[in-house]
Amino acid sequence: MSSLTSLASIATWPVPTAAAGVVRADGTVLGTHGPVGRRFPLASVTKPLAAYAVLVAYEEGAVELDEPAGPPGSTVRHLLAHTSGLAFDEHRVTAPPGDRRLYSNAGFEQLGDHLAKATDIPFAEYLRQAVLEPLGMADTSLEGSPAKDAVSTVEDLLRFAAEVQAPRLLDPHTVAQAMTVQYPGTKGVLPGYGHQNPNDWGLGFEIRDGKSPHWTGAGSSPRTFGHFGQSGTFLWIDPDAGLATVALTDRAFGPWAAEAWPPFTDAVLAELR
């Protein structure tokens, strides 16, 4: 199905396969294009799913956001907000907690370990029970690192994007925290887009604010939040527009994506305004 002309433009992307969809907060799917039931590696679009599981654990009382986790002086909140000081892909400390926004896969891996110890449930299984199963995301699984190894479909991620917009699994106040800047004024590198000052981030979700360049559109509201992945994937939620868009491909992120994604996003927003 595609009732949206803007979605059909993914057919022109220089990728072997692409699928996309748009969903409103009430779960209404406004349009899809491509093989929306096909499973794609998500790369870092795994992180919002992992963060949501951590927030469920927080609401269940298994963890506190400000309890120690990760390197000395760091907390669960630091790990979720990429301010623990851990390096990108290595479990070594390169800055004091809260000092800089150092985007870190290692941080999410330590988060997964922390949650597994706190709950006595392997992280992939906790994610399945806490998030995937209740949302009916039967085609989604975590097959390794909580930072980057989930596999999913557009159909499943549209279910997740509807949940984030109108939470049932979490208190809306918790989700509001996740999309609120943590450690305001922190600068750092947005992978693929260079130094940003500030490099705003919530709890597991990147926040657009005034970042330039950026992977969303010129028409995206500053409140837009979400994530993109190195596997050529993204999910953004624009609270001002009242909708979310998911796009999954099987070509690694690169200049093609930096060129294609912003006009695509602007076209979706323009068509639905």
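I started at Asp200, which sits in the loop between β7 (194–196) and β8 (206–207); strands here are DSSP runs of E, at least two residues, and helices are runs of H or I, at least four, numbered from the N terminus.

A note to self: this is a predicted model, where local features need pLDDT of at least 70, side-chain atom pairs count only at pLDDT 80 or more, and totals for chains, interfaces and linings use all residues. Residues are numbered from 1 along each chain as its sequence is written, and side-chain values use heavy atoms, with hydrogens and water left out.

Next I looked up the surroundings of Asp200. Asp200 is buried (under 20% relative accessible area, 1.4 Å probe, protein chains only). Asp200 has no salt bridge (a side-chain nitrogen of Lys or Arg within 4 Å of a carboxyl oxygen of Asp or Glu). The nearest side chain of opposite charge is Arg101, 4.6 Å away. Neighbours within four places in sequence aside, Asp200 is in contact (heavy atoms within 4.5 Å) with residues including Arg101, Glu206, Asp209 and Lys211.

Then I turned to the nonpolar cores, sets of buried Ala, Val, Leu, Ile, Met, Phe, Trp, Tyr and Cys residues joined through side-chain atoms within 4.5 Å. The largest has 55 residues, and Leu80, Val131, Leu157 and Phe160 have the most contacts inside it. Helix α2 (residues 46–59) gives the most to this core, with 9 residues. Apart from it lies another core of 27 residues, among them Ile10 and Phe264.

I picked Val131 for a closer look: beyond four places in sequence, its contacts include Leu49, Tyr52, Ala53 and Val56.

Last, the whole chain: I find 8 helices and 11 strands, and 56% of the 273 residues count as buried.

Conventions:
Buried < 20%, exposed > 50% of the residue type's maximum accessible area, 1.4 Å probe, protein only. Lys, Arg positive; Asp, Glu negative; His and termini not counted.
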